[in-house]
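Welcome, and please open your viewer. We will go through this structure one selection at a time, with something to look at on each stop.

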Amino acid sequence: MTSDSLEILATVLGITSLIAGGIAWYRGSVQKAYAAEREMGHIKQNLQQLGQGLGSIDKELEELNRVIVEIKALILAQTRH
């Protein structure tokens with residue numbers, strides 16, 4: 001092999017490596033974007049579930065508050081007799 005053919009072979013190998021690296025970089029960036037989008041979807045879903053859970057707790061606290069008021073009223077009614 002002559003030096004010219006080695007230079008051509010090295011250039012072709014370099015260009016091939018550059019293209020392969022570019023493809024790998026692009027695939028990685030697409031996968032990262034997909035993963036970030038998926039993670040955001042999970043976070044939104046978790047926030048919705050948390051909101052529903054907090055709404056349920058709020059209803060339970062309101063019910064407990066009503067019961068406490070009733071108990072106070074009964075105690076006050078008994079102490080006044």
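Which two side chains meet in a salt bridge? Select E63 and R66: their side chains form that salt bridge, with a distance of 2.5 Å from N to O. Keep in mind as you zoom in that this is a predicted model. You can stop hunting for others, since the structure holds one salt bridge.

**Around the pair**

Now show the backbone as a cartoon. Both E63 and R66 sit in helix α1, which covers residues 3-79, and they are three residues apart, about one turn of the helix. Switch on a surface next. Are these partners buried or partly exposed? E63 has 38% relative accessibility, so it counts as partly exposed. R66 comes to 47% and therefore also counts as partly exposed.

**The nonpolar patch**

Next, select M40, I43, L47, L50, L54, I57, L61 and L64 and colour them together. These residues make a nonpolar surface patch of about 780 Å². Pause on M40, which is found in helix α1. With a relative accessible area of 46%, M40 is partly exposed.

**The whole chain**

Zoom out and select everything. The protein chain has one helix and zero strands. Its radius of gyration is 35 Å, well over the 12 Å that the globule rule gives for 81 residues, so the chain is more spread out than a compact globule. Turn the view along the principal axes, and the C-alpha trace spans about 115 × 15 × 10 Å.

How much of the chain is buried? Buried residues account for 0% of the 81 residues. With the surface still on, you are looking at about 7600 Å² of accessible area, 65% of which belongs to carbon and sulfur atoms.

For a last stop, colour by charge. The protein chain carries 8 positive and 9 negative charges, and the mean positions of the two sets are 9 Å apart.

Key
Residues are numbered from 1 along each chain as its sequence is written. This is a predicted model: local features need pLDDT of at least 70, side-chain atom pairs count only at pLDDT 80 or more; totals for chains, interfaces and linings use all residues. Side-chain values use heavy atoms; hydrogens and water are left out. A salt bridge is a side-chain nitrogen of Lys or Arg within 4 Å of a carboxyl oxygen of Asp or Glu. Helices (H or I, at least four residues) and strands (E, at least two) are DSSP runs, numbered from the N terminus. Buried means under 20% relative accessible area, exposed over 50%, partly exposed in between (1.4 Å probe, protein chains only). Patches are made of residues with over 30% relative accessible area and no salt bridge: like charges are joined within 9 Å, nonpolar side chains (Val, Leu, Ile, Met, Phe, Trp, Tyr) within 5 Å. Accessible areas come from the Shrake-Rupley method with a 1.4 Å probe; for residues, only the protein chains shown count as cover. The radius of gyration is taken over C-alpha atoms; the globule rule is 2.2 Å times the number of residues to the power 0.38. Lys and Arg count as positive and Asp and Glu as negative; His and the chain ends are not counted. The place of a charge is taken as NZ of Lys, CZ of Arg, CG of Asp or CD of Glu.
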